[in-house]
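Please open the structure in your viewer and keep the selection panel at hand. The tour below goes from one selection to the next and says what is found at each stop.

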Amino acid sequence: NMTGVAWNTQIMALKIFADNSNNAYTSDIVNAVLYAADNGAKVSNNSYGSLFNNSVAAEIIQKPMYDAISAANDAGMLFVAASGNDSADLDGTAMSTPSDLELPNIISVAASNQFDEPAAWFTNYGKNSVDIAAPGEFIYSTLPGNEYATWNGTSMATPHVTGAAALLIEHAPDLTPAEIKAVLMNTVD
């Protein structure tokens, strides 16, 4: 049996990736974010992203995503985003979108290991670009077809933060996304 972080939540599953593909169109991501916000989602888990070293390429993708996530902020939705698995310093020239967008409702998540240390061999990091770390190494999870496996990555860490945010929202539903982010960041070790 498996259990998650927040047991009394409703889940809205939105598909942005094509079948058997690791690629998602920016338009599908934008539509999913707006759909979630328009339909009352208070927190969203976003375990995807793109690493850019070219600011021109990043700008093409960042503007529509920025606008959608900003609209989600206005609707009261916290946007929890994986920082990525490239061992990159996001305070340098690398950018990981959408986690690096500067909006008050985005919380960027790095991965820690079972010793509560950064899983530096894969996680992106940055004192100014990444907000929080959560368990992301050797995470036992479900797979399609009633299968289970152990995985590593910021995509494993991000749902822990999303679940913690859901618990906080259940306890204090009137908090804004920025307030939820502040509580999470100010109460972790």
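## A tour by selection

Begin with strand S5 (106-112) and strand S6 (132-135), each of which supplies at least two residues of the lining of the second largest pocket in this predicted model. Of these two strands, S6 is the one to colour separately, since the largest share of that lining, four residues, comes from S6.

Next, select Ser112, Ile132, Ala133, Ala134 and Asp189, which lie nearest the centre of the second largest pocket among the 18 residues that line it. The space in this pocket amounts to about 290 Å³. If you colour the lining of the second largest pocket by residue class, you should find 10 nonpolar residues, with four polar and four charged residues making up the rest.

From the pocket, move to the backbone. As a general point, most residues other than glycine have a negative phi, and most peptide bonds are trans. The next three selections can be viewed with that in mind.

Select Thr97 and Pro98 together and display the peptide bond that joins them: this bond is cis, with omega about 15 degrees. Pro98 itself belongs to the loop that runs between strand S4 (95-97) and S5.

Then go to Asp116, which you will find in the loop between S5 and S6. Although Asp116 is not a glycine, its phi is positive, at about 60 degrees.

For the third backbone stop, select Asn146, in the loop between strand S7 (139-143) and strand S8 (147-151). Here too a residue other than glycine has a positive phi, with the value for Asn146 near 60 degrees. Is Asn146 buried or exposed? Its relative accessibility is 75%, and because the exposed class begins over 50%, Asn146 counts as exposed.

Finally, select Ala32, which is part of helix H1 (residues 26-38). Ala32 has a relative accessible area of 14% and is therefore buried, the cut-off for that class being under 20%. Which residues does Ala32 touch, once those up to four places away in sequence are set aside? Show Leu14 and Ile16, since Ala32 is in contact with both. To end the tour, draw a C-alpha to C-alpha distance from Ala32 to Ala157: the two are 125 residues apart in sequence, and the distance in space is 21 Å.

How values were computed:
Residues numbered from 1 in each chain as written. Predicted model: local features only at pLDDT ≥ 70, side-chain atom pairs only at ≥ 80, totals over all residues. Heavy atoms only, no water. 1 Å grid on protein atoms, 1.4 Å probe; cavity = no way out; pocket = protein on both sides within 12 Å on 5 of 7 lines; lining within 4 Å. Points joined across faces, edges and corners; volume = space filled by probe spheres on them. Nonpolar A, V, L, I, M, F, W, Y, C, P; charged D, E, K, R; others polar. Buried < 20%, exposed > 50% of the residue type's maximum accessible area, 1.4 Å probe, protein only. Contact = heavy atoms within 4.5 Å.
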